[in-house]
Amino acid sequence: MARTVSCYDCGNTYAFDERKRCACGEPLWFETTPDEFAWDDAGAIDDAWRYIDALPVSNPTGVAPGGTPLVRAERLDEYAGCTLSLKHEGQNPTGSFKDRGSAVGIGYALEAGQAWVGTVSHGNMALSMSAYAAGAGLDCAVFVPADTPAERLELIGRHDPEIFRVEGDYGRLYADTLSLDAPVNFVNSDTPLRVAGQKTVAYEIVEQSAPDAPDAIVLPVSSGGQASAVWKALRELETAGAIDEIPRLYFCQAAACDPIAAAYRDDEPRVTPVTPEETIAVSIANADPPSGTRALAAARETGGAVVSVPDAAIRDAMDRLATRVGLSVEPSSAVAVAGVRRLAQRGEIEPSDDVVTVLTGSGYKERYDADVRSRTIDLDDVERELASVVGR
Ligand SMILES: *Cc1c(COP(=O)(O)O)cnc(C)c1O
Ligand SMILES: [Zn+2]
């Protein structure tokens with residue numbers, strides 16, 4: 001496919017390697033044409049490489065991302081206030097949707113003959129890039145904040161990347177790495193390669209929901225990379241005639257760090273940085289999101305919204321997912337289910353709406369100090385103790 005990138009806002013186009021962002025300052029994404037879809041609503045999706053014709057790579061690489069289940073969650077309908085389905089992205093090889101973007105970034109690096117890739121992340125993206133680079137035999141530079149917890153470093157370090165623990169203003173590093181004079185392909189949160197790969201989650205949702213696309217898609221948002229990708233994919237599907245109308249896009253943040261939701265609430269044209277407070281949703285705590293304004297545009301143009309929810313609501317949603325659906329997710333994913341509930345309470349989402357929520361990442365990587373019910377019993381009392389719980 002042609003390697004042209006364009007700006008959603010002013011429409012300027014550039015060759016991919018020409019510049020990192022549009023002259024207007026907004027982020028860029030890869031252009032596609034409608035004939036790049038092999039679209040047959042077959043339902044069976046093996047993995048994200050099904051859509052390779054619409055991606056800026058020619059060959060599949062690594063452990064295939066995607067092909068994750070879309071789970072109908074009847075037992076949460078009442079709680080969520082709608083007809084709820086869950087896209088289980090925790091089932092990707094390293095446990096989050098980031099694998100979709102990493103696979104495309106690494107695939108591109110291989111085809112371009114690049115030896116080094118890099119990323120600025122202290123969580124899922126660092127883990128995902130390290131794993132995919134390892135699988136492809138590429139070197140990977142990972143920049144994490146100096147205070148990254150040891151247990152998370154250990155998860156990333158298993159794949160043996162070069163880890164740089166950076167002191168100073170970590171927020172600045174994101175843009176800085178993109179203009180470094182170094183032969184390293186930085187596949188950061190909202191870079192065009194990553195956004196291209198992450199479109200595949202929306203292609204899958206639409207195919208798995210066929211013949212009717214969902215009324216709304218709800219996802220957590222941090223940098224705005226995934227939100228942009230979903231919007232882009234849906235625009236492509238509409239242009240290709242695969243859907244009549246783009247589902248409303250709703251994005252959710254933790255109240256402690258909600259720059260995009262704040263701009264939405266205040267009717268601002270652009271997202272500006274906030275001073276963050278602590279939240280359990282660490283994977284989405286970006287106070288200065290590089291694709292924030294693009295995400296804001298996606299919510300507005302599709303008739304959706306951006307909301308934020310407090311940590312207590314996030315924990316509650318996490319509990320419901322674990323005890324009523326059997327899915328363990330990280331707080332940054334549960335935020336979207338908490339967001340659906342909030343939107344339904346406000347009447348923005350209706351009980352008859354078919355809503356797909358993207359559960360972005362697995363809950364099996366970290367501990368969240370949840371209350372655990374258990375009892376210690378004596379071996380001789382097993383029968384009596386069991387009877388006291390299950391009855392006779
Ligand atoms: C990265 C991440 C997000 C946010 O995605 P952005 O593209 O940065 O907006 C949400 N949930 C999880 C689990 C993540 O790892
Ligand atoms: Zn522009």
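**From a small sheet to a buried ligand**

Let's start with one residue pair: V5 sits opposite Y14 of strand β2. Keep in mind as you look that this is a predicted model.

V5 belongs to β1, the strand formed by residues 4-7, which pairs with β2 in the antiparallel sense over three bridges. Strands of a sheet pair through backbone hydrogen bonds, in either a parallel or an antiparallel way. Stepping back, you can see an open sheet of three strands, ordered β2-β1-β3, with antiparallel pairing. Its edges are β2 (13-15) and β3 (28-30), each of which pairs on one side only. From one strand to the next, the twist averages 35 degrees.

Further along the chain, an unreviewed UniProt entry annotates residues 65-361 as the domain "Tryptophan synthase beta chain-like PALP". Helix makes up 43% of this span and strand 18%, and the C-alpha atoms at its two ends lie 13 Å apart.

Now turn to ligand 1. Which residues come nearest to it? Of the 15 residues around the ligand, they are K98, N124, S222, S223 and T360. The shell as a whole divides into four nonpolar, nine polar and two charged residues.

Backbone atoms make some of the contacts here. A polar backbone atom of S222 is 2.8 Å from an oxygen atom of ligand 1. For G224, a backbone N or O atom lies 3.0 Å from an oxygen atom of the ligand, and for Q226 the corresponding distance is 2.8 Å. Taken alone, ligand 1 would expose 380 Å², and the protein buries 97% of that area.

Note on methods: Residues numbered from 1 in each chain as written. Chains lettered and ligands numbered in written order. Predicted model: local features only at pLDDT ≥ 70, side-chain atom pairs only at ≥ 80, totals over all residues. Heavy atoms only, no water. UniProt positions renumbered as here; feature names shortened; annotations may be inferred. Helix = DSSP H or I, 4+ residues; strand = E, 2+ residues; numbered from the N terminus. Pairing = 2+ DSSP bridges. Axes fitted to C-alpha atoms, helices over the stretch in contact; angles between N-to-C directions. Near = heavy atom within 4 Å. Polar contact = N/O pair within 3.5 Å; in protein donor to acceptor, adjacent residues only side chain to side chain. Areas by Shrake-Rupley, 256 points an atom, 1.4 Å probe, with all protein chains shown as cover. Nonpolar A, V, L, I, M, F, W, Y, C, P; charged D, E, K, R; others polar.
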